[in-house]
Amino acid sequence: MIRHTINLKERSYPICITTNFDELGKAVLSLRTGKKVMIVTDENVDGFHSEECISRLEESGFEVYKHMLVPGEEHKTIDAVYGIYKKLIEYKLDRSSSLVALGGGVVGDISGFAAATYMRGINFIQIPTTLLSQADSSVGGKTGVDFDGHKNAVGAFYQPKLVYMNVNTIKTLPKREVSAGLAEVIKHGFIMDEEFCEYLNYNAQKIFAFDENVLQFLAKRNVSIKGSVVEQDEKEDDLRAVLNLGHTIGHAIETARNFELLHGECVAIGMVGAFKLSRYMDILPESVVDQVKAMLVKLELPVSLPGMDVDRVFDQIFYDKKVKDNKLKFILPRKIGEVFQCTIEDTGLLRKVLFDLAK
């Protein structure tokens, strides 16, 4: 097992990176919480992992309950949180109890928000089962739900007590889901580690073959990069915004297309858009844009969206949480491995990029 700690003083927590669930009960027991636990999962994950996780927890003396969510971003709503509240009350979980998210980013976001708000906060544990959630959403404490068609419009920063990553869970995923997760993985390289991008490019075949050593290295490097940013800026007051590379355009595409594309696919297209913006601002050469697109294609990610409704995506961008006083704030690359935050006032330039992505 590889252990990494997110250092946030009294809110610090361990991340366990392993290849099985053998030590799950021991890891949760070490938190010294109450004995009642409710696992929140969905219909896609339940048949693969719930039974073993429940067994490991019960072996360590926990009283375990389970609540099922309907899978999919379209069900990431306040209604889903309401359903969790009802079960928490029915099973008489109190503030010493723990809520465990077993699944991908949607399960984690919904469960985390429920944990943050039930009894003003109960213990929260993440067991991410997708590459996307292991690379990104399970670390850092962002929780929330979509509201009235706007992604993550309602939420809270709420750190887990533990993140337990079994990298072999991604073997149960369709290849498209694995590729979508790799968008957030390579994003961390684009932000601050060019060598990591090269590693991903070189080891793409091993990733898709589920090489355990490679998967554990990816998990460790991802939590190291993201963790270092979160430790310096827990609530996205400044530095943490760099983690949104590709997300301003990506979230707009995701919403405008009614979530028919996976989050990572939209982020990949959004990252190409960010590199193109930097190119048009003469910050970097066209060759870097081509290099980035080649890396994403090798990881089987889209780099454009032919036929995209540019006007709808453009309008949706202005609902982004980073928009202030109707000014668009973007994370843009200076080069592979270095980014900066800036305000885009030339909306014509942004439209030009969106039309490029729609070709």
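The exercises below work through helices, buried residues, backbone angles and cysteines in one predicted model.

Residues are numbered from 1 along each chain as its sequence is written, and side-chain values use heavy atoms, with hydrogens and water left out. Because this is a predicted model, local features need pLDDT of at least 70 and side-chain atom pairs count only at pLDDT 80 or more, whereas totals for chains, interfaces and linings use all residues.

**Exercise 1. Compare the expected span of helix H9 with the distance between its end C-alpha atoms, and find the residue that caps its N-terminal end.**

Step 1. Helices (H or I, at least four residues) and strands (E, at least two) are DSSP runs, numbered from the N terminus. The expected span of a helix is 1.5 Å times one less than its number of residues.

Step 2. Helix H9 covers residues 212-232, and its 21 residues should therefore span 30 Å; the end C-alpha atoms are 30 Å apart, which agrees.

Step 3. The cap at the N-terminal end of H9 is Asp211, which places a side-chain oxygen 3.0 Å from the backbone nitrogen of Asn213. A polar contact is a pair of N or O atoms within 3.5 Å; within protein, one must be able to donate a hydrogen and the other to accept it, and residues adjacent in sequence count only if both atoms are side-chain atoms.

**Exercise 2. Describe how helices H6 and H7 meet.**

Step 1. Axes are lines fitted to C-alpha atoms, for helices over the stretch in contact, and angles run from 0 to 180 degrees between N-to-C directions. On this basis the axes of H6 (residues 175-192) and H7 (residues 194-202) come within 6 Å and cross at roughly 145°.

Step 2. Contact means heavy atoms within 4.5 Å. H6 contributes Val185, Ile186, Gly189, Phe190 and Met192, while H7 contributes Glu194, Phe196, Cys197 and Leu200.

Step 3. Sorted by class, the contact of H6 with H7 has seven nonpolar, one polar and one charged residues. Here Ala, Val, Leu, Ile, Met, Phe, Trp, Tyr, Cys and Pro count as nonpolar, Asp, Glu, Lys and Arg as charged, and the others, Gly among them, as polar.

**Exercise 3. Is Met271 buried or exposed, and which residues does it contact?**

Step 1. Met271 belongs to helix H11 (residues 263-280), and it counts as buried because its relative accessibility is 0%. Buried means under 20% relative accessible area, exposed over 50%, and partly exposed in between (1.4 Å probe, protein chains only).

Step 2. With neighbours within four places in sequence left aside, Met271 is in contact with Ala183, Ile186, Lys187, Phe190, Leu245, Gly246 and Leu296. Lys187 is 84 residues from Met271 along the chain, yet their C-alpha atoms are separated by 7.9 Å.

Step 3. Leu245, in the loop between H9 and helix H10 (247-256), is likewise buried, with a relative accessible area of 0%. Not counting residues up to four places away in sequence, Leu245 touches several residues, including Lys187, Phe190, Val267 and Met271.

**Exercise 4. How many residues of H10 are buried, and against which elements do they pack?**

Step 1. In H10, 10 of the 10 residues are buried, so the helix is largely enclosed by the rest of the structure. Among them are His247, His251 and Glu254.

Step 2. The buried residues of H10 pack against strand S8 (150-157), H6, H11, helix H13 (310-317), strand S10 (328-335) and helix H14 (347-357).

Step 3. Asn258, which follows H10, has a positive phi near 55°.

**Exercise 5. Locate Met119 and Phe210, and describe their phi angles and accessibility.**

Step 1. Met119 is not a glycine but has a positive phi of about 55°; this residue lies in the loop between helix H4 (105-117) and strand S6 (123-128), and at 38% relative accessibility Met119 counts as partly exposed.

Step 2. Phe210, also not a glycine, has a positive phi of about 60°. Phe210 is found in the loop between helix H8 (204-208) and H9, and its relative accessible area of 21% makes it partly exposed.

**Exercise 6. How many disulfides does the structure contain, and why is Cys53 not bonded to Cys16?**

Step 1. A disulfide is a pair of cysteine sulfur atoms within 2.5 Å, and a search of the whole structure finds zero.

Step 2. For Cys53, the closest cysteine sulfur is that of Cys16, which at 13 Å is too far for a bond.

Step 3. Cys53 counts as buried at 0% relative accessibility, and Cys266 is buried with a relative accessible area of 0%.
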